Amino acid sequence: MHPFASYVLRSYYHATGWNEDNLYANLTRSSNAILDFSVPRGLHFSISKSPNPLFKTTYSMNALPSLNGSVGYIFTSCDLDVKGSGDVRFKELVDRFKVYDQPRRPEGKEEEWLAGERVDTRDYLLYGRYYIPTGRLDALYSTRLSPTIQAMVAAISDPRSSLVSERTRSVHASNIMFSVQHDTGKWCTEYTWSAEDGMWGVRCLHNFGKLGSSAEPTEESIKSPSELKRIDEEDAMEGGLKGRISAGAEFYFSAKEKSAGVSTGIRFTTLPDATPPSFQLPSSSSALSCPSRCPPSQPPTTITALFNPMLGHISGAYAARVSPDLSVSSRFDFNVYSYESEWTVGAEWWTRRKFTPVNSSAVPADSTAPRQPASFEHSGDVQGVVKARASTTTDVSLMWEGRLRNILVSLGIVSNLSSRSKPIKAIGLELSYFSSG
């Protein structure tokens with residue numbers, strides 16, 4: 001489950017119109033959500049509050065296996081609609097399989113003028129967290145330099161690492177890193193520099209096909225559902241899955257270590273379903289499209305492949321939603337130099353509240369309202385998600401994330417089936433609560 005700070009950061013990106021998913025670093029995010037979920041270790045508590053739309057506070061404590069905690073503060077230049085843990089949409093708080101919509105060119109904030117002078121300022125976010133009793137300090141500053149350029153500065157200060165490095169001459173953890181991201185929709189490039197090891201890095205991602213429209217549709221521009229062309233059929237071939245392809249690469253060089261690295265990757269992804277995006281359909285015609293309970297004409301699918309020629313590592317992953325509440329994924333890793341391989345499979349299953357049947361017989365006989373066929377309505381939203389993962393390394397992980405009243409709960413276990421002396425490697429429980437206003 002996302003920490004409160006990550007939830008606020010994603011809300012900030014959404015409010016400012018920045019697409020964090022259009023990055024090479026997030027190329028395999030859909031499969032990683034199923035195969036690389038993090039199981040809580042020990043007992044963890046966190047409490048957060050949003051006194052106003054600009055300022056947030058968060059406190060956390062680890063009770064087991066050791067006692068420690070942290071205090072964090074977040075400040076943003078724009079108002080964020082951060083809801084409480086009992087009201088927020090549950091799927092916004094967890095990493096999950098998701099097929100993302102067409103990339104779009106980011107748009108800047110509207111200009112504000114006063115007495116002939118421009119008075120609007122750049123959006124930014126400030127975040128700091130202090131750990132007790134270690135004294136470690138984490139900081140993050142993110143700002144928009146232009147509609148398509150974003151800059152970030154991240155820093156870590158750990159006083160304990162300086163003492164260790166003086167005694168053992170090891171690399172200390174204190175570091176500062178600068179990052180500049182340039183997103184035009186079709187291309188997204190990221191430049192980074194790390195002060196600790198003098199590492200320079202460049203990442204780029206290219207999306208093939210057409211970009212999505214950023215402008216809001218007007219009544220004149222909205223077509224009827226029969227005239228709309230499915231956007232996953234624009235450049236598709238007959239047969240098989242229809243979707244789009246993204247390809248990217250990264251290169252980094254460390255001046256201190258005198259080493260370099262390179263990797264490349266490609267991703268094929270379908271659309272969430274074979275219907276046009278919701279913003280292309282007027283509200284009056286939404287009933288004409290296939291409702292959410294209808295199965296999509298093609299399963300939402302993501303296929304990725306990564307290759308690191310210097311390390312000889314090859315990775316291929318497949319993830320798909322086979323039903324409205326079940327997604328599965330598998331990944332195969334292989335090293336061409338050592339011939340070591342690993343196969344990982346996983347699944348996520350969403351649990352929901354029971355449906356409440358609504359029958360047309362409940363309508364009075366003398367009513368003038370048209371009689372509707374029997375249907376089902378949600379009495380509530382998603383209650384939780386169960387994730388499972390197994391690999392050839394004999395590790396099996398199982399985790400449940402859900403909401404009990406206004407408290408978010410994560411309960412997980414990691415086991416080693418080949419060990420008779422210690423079959424359970426880790427078990428943990430995480431409780432979090434945050435409020436707004």
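**Close-up views of a predicted model**

**View 1. C78 and C188, two cysteines of the predicted model.** C78 counts as buried because its relative accessibility is 15%, and buried means under 20%. C188 is in no disulfide. The nearest cysteine sulfur to C188 belongs to C204, 9.4 Å away. A disulfide needs two cysteine sulfur atoms within 2.5 Å, so a separation of 9.4 Å does not qualify. C188 has a relative accessibility of 2% and therefore also counts as buried. Across the whole structure, the search for disulfides returns zero.

**View 2. Helix α1, residues 4-16.** The helix has 13 residues. From first C-alpha to last, α1 reaches 18 Å, close to the 18 Å expected at 1.5 Å a residue. Which residues of α1 are buried? They are F4, A5, Y7, V8, L9, S11, Y12, Y13 and T16. An α-helix has 3.6 residues a turn, so residues three or four places apart point the same way. After α1 comes G17. The phi of G17 is positive, near 80 degrees.

**View 3. A nonpolar surface patch that includes V336.** Four residues make the patch: F307, I314, V336 and Y337. The patch covers about 340 Å². V336 lies in the loop between β16 (326-335) and β17 (341-352). Is V336 buried or exposed? V336 is partly exposed, because its relative accessibility is 32%. That value falls between the 20% limit for buried and the 50% limit for exposed. Patch residues need over 30% relative accessible area, and V336 at 32% meets that cut-off.

Technical notes. Residues numbered from 1 in each chain as written. Predicted model: local features only at pLDDT ≥ 70, side-chain atom pairs only at ≥ 80, totals over all residues. Heavy atoms only, no water. Patch = residues over 30% accessible without salt bridge, like charges linked within 9 Å, V, L, I, M, F, W, Y side chains within 5 Å. Areas by Shrake-Rupley, 256 points an atom, 1.4 Å probe, with all protein chains shown as cover. Salt bridge = Lys/Arg side-chain N within 4 Å of Asp/Glu carboxyl O. Helix = DSSP H or I, 4+ residues; strand = E, 2+ residues; numbered from the N terminus. Buried < 20%, exposed > 50% of the residue type's maximum accessible area, 1.4 Å probe, protein only. Expected span 1.5 Å × (residues − 1).
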